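Here is a short set of exercises to work through at your own pace. Keep the structure open beside you and try each task before reading its solution.

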Amino acid sequence: MTRRTAEQPPEERRAAGLAGTGVLLRLALRRDRVMMPVWILATTLLVAGMPGSLGSVYATAAERAEVAASMNANGSMRALYGPVFGDSLGGLTAWRAGVFGAVLAAVMSLIIVVRHTREEEETGRQEMLSAAMVGRRAPLTAALLAALVANTCLALLVAGGLAGQGAPGAAALGLALAGTGMLFAGTAAVAAQLTESARAAKGLTAAVLGAAFVLKAGGDAGTADGRSALTWLSPLGWVENVRAFAVERWWVLLLLAAAVGAQVGAGYLLAGRRDLGMSFLPSRPGPARGRLGSAGALAWRLQRGTLAGWSAGFLTAGAVFGGMADGAADLVGGNDRTREIIERMGGQSGLTDAFLATMAGMFGMVAALYAVSAVLRLSGEESAQRAEPLLALPVGRLRWAGGHLAVAFGGSALILLLAGLGLGLGHGGDVRTTVAATLAQLPAVWVIGALAALLHGALPAYAAAAWPVAGGALALGWVGPALDLPQGVLDLSPFAHLPRLPGAESLSWAPLLALTALAAALTAAGLTALRRRDLTA
């Protein structure tokens, strides 16, 4: 701190620290002008479209009361969706979509904050901006304000879309979603100060989000009234305890606001105590252990930690969902419309097999997110200028890219194998059947990963467009059948062309081979384009 700065009054020092915030906010909103509206509208449609789909499934008040009672008596399903506090269409919407909408808001917020803080520092752009009249805390402030704009728009749209179910409940749910988004924006702000890379900051924040879901699930599995201590330890538990469309608890929103203030305050405190580009948890410099004699070995070293986390998560989730299979069949077995939806998502045989097939499909769609993440590590290495020194050595582009693609495609197979193993062990059935069901999703996962490879090779500036593709496939598979979308729309996802296992009368190899061939062609085209273009700065 210079002598002149030290002599400034506190108010002037704070103002200097925020200089340039408005310009950085406009820049952030401009950069996110596509991603942010798409994410907000997708989340809004998921939540606001739920009353219509639920109304077609549970048309009468008696049916809604019956499903609410059945859900509250089923610990396995409470762990997944939480307890039901109101049996109106609004109350069932808050039960069915509230927590998942909050998760989507949290993911959107952490992406926004990390992108405009740690990622800017990692790429060196923030250093150039800081050479101008930009205050020390201006980048963090602009990122948090961008997240606030996004979450405010989400709250307004959700509240407006659900206003017909009751204005107080709609406002409570919209504010709960926005509050959760801002809470994890604060978590991301803290993670961006603690870690040395954008990837680590996103991973740390995502781990906190995953832990919050596990705590909520554990608490809800034990009690049907949301009073468990584990539920109250989780911000996602706070969302359901707002009790939108039941007897709203507005004071829970104050708890969210206090947590947001604490997180943001911690982020500001840490931001003022470190140098640009540095972190409080620096990466270990070495020495490296093991062999790094090839591009593939380096790719494995860079991505093995992420793969280990996904593997543990898929194995655990598989065991949990496998244990729910019989309970899910008992819950929906008496409702013909619900049975039809589950069978449309997962198969045509028994309801338990249909539920397992649905879970296998969901694991496949989530595995596509891992594949995209692993493939786009190429873009991260290239934009951070770590690829250029490596390629200056006797390492060809195809070998360099091939190492990361091998980890992406092989890692996808591994996590789906573990998911199938967990499903089988949790259900207590034939493990070979559930493993076959999850591995049958692999060709579609590879198609989406190969599309990411093509975008990186041919259009590196638009490589991130692979994320909306994977997210769109997930949305079509998760929400499409419940909304009774036309089959032509559902067929836009590669997962719609896969055989539904277990439960299919016969296994058709044609779509599996066709999708695998398509993935190979897209990958080859991406590698060819990468070989011919210049590296990006």
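The exercises below concern a predicted model, and each comes with a worked solution.

**Exercise 1. Describe the overall make-up of the chain.**

Solution.
- Start with the secondary structure: the chain has 27 helices and 0 strands.
- Next, look at burial. The chain has 537 residues, and 48% of them count as buried.
- Finally, turn to contacts between residues at least 6 apart in sequence: 75% of these join residues at least 24 apart.

**Exercise 2. Classify the ring pair W232 and W251, and place it in the chain.**

Solution.
- A pair of aromatic rings is described by two things, the distance of the centres and the angle of the planes.
- There are 6 aromatic pairs in the structure.
- For W232 and W251, the centres are 5.8 Å apart and the planes meet at 15°. Planes under 30 degrees apart count as stacked, so this pair is stacked.
- Now locate the partners: W232 belongs to helix α14 (residues 229–232) and W251 to helix α16 (residues 251–271), and 19 residues separate them, so the pair links distant parts of the chain.
- To finish, check accessibility. W232 has 23% relative accessibility and counts as partly exposed; W251, at 47%, is also partly exposed.

**Exercise 3. Find an aromatic cluster and a charge placed over a ring.**

Solution.
- W310, F314, F363 and Y370 together make one aromatic cluster.
- For the charge, go to F213: K216 lies over the face of this ring, 5.5 Å from the ring centre.

**Exercise 4. Explore the largest nonpolar core and the surroundings of F495.**

Solution.
- In soluble globular proteins, nonpolar side chains tend to be buried together.
- Here, the largest nonpolar core has 129 residues, and V113, W400 and F495 touch the most other members.
- Take F495 and set aside its neighbours within four places in sequence. Its contacts then include G364, M365, A368 and Q441. Among the others are A444, V445 and I448.

**Exercise 5. Is T180 buried or exposed, and which residues does T180 touch?**

Solution.
- Locate T180 in helix α12 (residues 167–194).
- Its relative accessibility is 0%, so T180 counts as buried.
- Leaving out residues up to four places away in sequence, T180 touches A102, L236, V239 and L256.

**Exercise 6. Examine the second largest cavity.**

Solution.
- Rolling a probe the size of a water molecule over the atoms shows where empty space is left.
- A search of the whole structure gives 4 cavities of 30 Å³ or more.
- The second largest cavity has a volume of about 130 Å³.
- Its lining is made of 15 residues, and F85, A94, W95, V239 and E240 lie nearest the centre.
- Two or more lining residues come from each of α8 (89–115) and α15 (235–241). The largest share, 5 residues, belongs to α8.

**Exercise 7. What is notable about phi in R243 and F245?**

Solution.
- Most residues other than glycine have a negative phi.
- R243 is not a glycine, yet its phi is positive, near 60°.
- F245 is not a glycine either, and its phi is also positive, at about 65°.
- On location, R243 sits in the loop between α15 and α16, and F245 is found in that loop too.
- The cut-off for buried is under 20% relative accessible area. R243 has 16%, so it is buried, and F245, at 11%, counts as buried as well.

Terms used: Residues numbered from 1 in each chain as written. Predicted model: local features only at pLDDT ≥ 70, side-chain atom pairs only at ≥ 80, totals over all residues. Heavy atoms only, no water. Phe/Tyr/Trp six-rings, centres within 6.5 Å; stacked < 30°, edge-to-face > 60°. Helix = DSSP H or I, 4+ residues; strand = E, 2+ residues; numbered from the N terminus. Buried < 20%, exposed > 50% of the residue type's maximum accessible area, 1.4 Å probe, protein only. Lys NZ or Arg CZ within 6 Å of the ring centre and 35° of its normal. Core = buried A, V, L, I, M, F, W, Y, C linked by side-chain atoms within 4.5 Å. Contact = heavy atoms within 4.5 Å. 1 Å grid on protein atoms, 1.4 Å probe; cavity = no way out; pocket = protein on both sides within 12 Å on 5 of 7 lines; lining within 4 Å. Points joined across faces, edges and corners; volume = space filled by probe spheres on them.
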